[in-house]
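Work through the following exercises with the coordinates open, and try each task before reading its solution.

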Amino acid sequence: MDLENLRNVEMLNFSSNEEEVEDLPMRAPKRYLRDYPNPFEVYSEWDFKRRFRFSKNSVMFGILPLVEKRLAKINNRGLPISPILQLLICLRFYSTASFQLVLGDIITISQPTISRIVFRVSILLASYINRYIKIPSSEESRSENKRLFRELGRGHGGIGLPSIDGAIDCTHIRLVHTRFQNVDEIFRNRKGYFSLNVQIIVGPRTEILDIVPEWPGSEHDSRMFQNSRIYMRYKQGELDGILVGDAGCPALPFLLTPIGNPRTDEEMSYNTIHGRTRRIVERTFGIWKRRFPCLSKGLGTKLLTSTSIVVACAVLHNLSLILNDKLEEDDEEVENLNNEVPVAEPHWQPGDGFLARDALIERLFR
């Protein structure tokens with residue numbers, strides 16, 4: 001083959017290769033999180049708290065130290081997302097329950113990355129449950145709680161219930177598009193939607209003393225309580241106080257419930273005092289769900305993530321009390337914000353609980 005023919009063959013091969021290259025799909029350039037706007041500088045104190053539900057000082061010095069070490073990378077390979085930004089992403093999700101709105105604020109991060117961050121930070125915050133959510137252990141703290149509960153029941157110079165440790169109730173956290181792996185119907189509650197039935201015990205300052213987040217929405221409140229660790233602690237005498245609950249709870253020596261059909265003035269007065277004492281749990285639900293709207297709007301995350309979010313929000317609620325970080329709307333009066341349909345008093349078999357309740361009424365009004 002002469003030189004002229006060889007040159008023509010090479011030109012033909014080059015042209016063919018060039019066409020093949022043009023037919024190949026273009027590879028998207030890598031995106032790096034480099035110069036995102038600093039929310040601490042961009043937003044005023046009011047705008048910051050409106051978006052993240054905590055003040056700048058509370059986030060930086062109260063919450064961040066709890067998760068910073070376990071979120072930080074040992075090197076800067078791949079330009080990792082900083083711990084403070086991961087925390088703010090998670091707090092922003094708690095206040096919106098929407099990955100899309102989070103992406104609207106932090107445009108340079110993909111939705112799957114946001115999802116992984118929410119899961120990771122929620123797990124870390126929920127791991128502090130035993131530090132921030134617990135029945136007071138010292139006798140002095142428990143006596144103070146009992147005194148404050150008695151004041152709640154008294155109203156304007158009336159009589160209060162003695163020896164109250166906490167107010168117990170359950171609230172439903174809606175689950176949206178959650179995959180249940182063939183057990184979905186047990187999560188359908190009596191209102192027809194899927195939910196977690198979360199049992200909470202509340203103290204007199206709206207603090208959460210105990211939380212059970214994993215029961216499906218179809219479970220009855222009484223069964224949840226009788227299978228809880230707090231029930232065993234009272235049953236075994238480890239705790240010597242009394243709880244107040246609604247008509248959905250069983251009447252027990254350590255659990256006071258309202259009288260379904262009061263006949264005497266004393267029974268009606270008892271119901272009034274009981275209602276004033278127990279109202280603190282409804283107010284706490286209102287404060288809790290207003291600070292973290294994801295709990296009322298519904299969670300579209302995986303089941304493990306959803307239960308972790310519930311516990312994480314409970315930990316953050318108690319932290320807000322410790323940090324004295326109140327929202328403006330926390331001072332509003334809340335009446336049954338939980339939006340639960342009242343449950344008629346079940347036909348429990350008469351037992352020690354009814355006898356203890358009758359004895360208490362006689363002692364209060366004799």
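The exercises below go from the whole chain to its sheet, its aromatic rings and two of its helices.

The model is predicted, with local features requiring pLDDT of at least 70 and side-chain atom pairs counting only at pLDDT 80 or more, while totals for chains, interfaces and linings use all residues. Residues are numbered from 1 along each chain as its sequence is written, and side-chain values use heavy atoms, with hydrogens and water left out.

**Exercise 1. The chain as a whole**

Determine how many helices and strands the protein chain has, and what share of its residues count as buried.

Solution. Helices (H or I, at least four residues) and strands (E, at least two) are taken as DSSP runs, numbered from the N terminus. On that basis the secondary structure of the protein chain comes to 15 helices and five strands. Buried means under 20% relative accessible area, exposed over 50%, and partly exposed in between, with a 1.4 Å probe and protein chains only. Of the 366 residues of the protein chain, 49% count as buried. Contact means heavy atoms within 4.5 Å, and of the contacts in the protein chain with a separation of 6 or more, 69% come from residues 24 or more positions apart.

**Exercise 2. The sheet**

Establish the order of the strands in the open sheet, and find which strands stand at its edges.

Solution. Two strands pair if DSSP finds at least two bridges between them. Begin with β1 (164–174): β1 and β2 pair in the antiparallel sense over eight bridges, with I173 standing opposite L196 in β2, whereas β1 and β4 pair in the parallel sense over three bridges, where the bridge partner of G166 is L243 in β4. Next, β2 (residues 195–202) and β3 pair in the antiparallel sense over six bridges, and I201 stands opposite D210 in β3. The open sheet of five strands therefore has mixed pairing and the order β3-β2-β1-β4-β5. Because β3 (208–216) and β5 (255–256) each have a single partner strand, they stand at the edges, and one side of each is left without a neighbour in the sheet. As a last step, look at what covers the strands: α12 packs on the sheet, touching β1, β2, β3, β4 (242–244) and β5, and its direction makes about 45° with that of β1; here axes are lines fitted to C-alpha atoms, for helices over the stretch in contact, and angles run from 0 to 180 degrees between N-to-C directions. In β1 itself, 10 of its 11 residues are buried.

**Exercise 3. Rings around F292**

Describe the aromatic pairs that F292 forms with F54 and with Y94.

Solution. Rings of Phe, Tyr and Trp (its six-membered ring) pair if their centres lie within 6.5 Å, and planes under 30 degrees apart count as stacked, over 60 as edge-to-face and the rest as tilted. A search of the whole structure finds 10 aromatic pairs. F54 and F292 form a tilted pair, 6.2 Å centre to centre with 40° between the planes. This pair links distant parts of the chain, since F54 is in the loop between α3 (45–52) and α4 (56–71) and F292 is in the loop between α12 (265–291) and α13 (294–297), 238 residues apart. The pair of Y94 and F292 is edge-to-face, at 6.1 Å centre to centre and 90° between the planes, and it joins helix α5 (residues 83–94) to the loop between α12 and α13 across 198 residues. Both F54 and F292 are buried, as are both Y94 and F292. A charge sits over a ring if NZ of Lys or CZ of Arg is within 6 Å of the ring centre and within 35 degrees of the ring normal; the charged end of R291 sits over the ring of F54, 4.8 Å from its centre.

**Exercise 4. Helix α5 and residue C313**

Compare the expected span of α5 with the distance between its end C-alpha atoms, then find what C313 touches.

Solution. The expected span of a helix is 1.5 Å times one less than its number of residues. The 12 residues of α5 should therefore span 16 Å, and its end C-alpha atoms are 17 Å apart, which agrees. In α5, 12 of its 12 residues are buried. One of them, Q86, has a relative accessible area of 5% and touches L71, I81, I117, R120 and V121, not counting residues up to four places away in sequence. C313 lies in helix α14 (residues 303–322) and is buried, with a relative accessible area of 0%. With the same exclusion of residues up to four places away in sequence, C313 touches Y94, W288, F292, C294 and L295.
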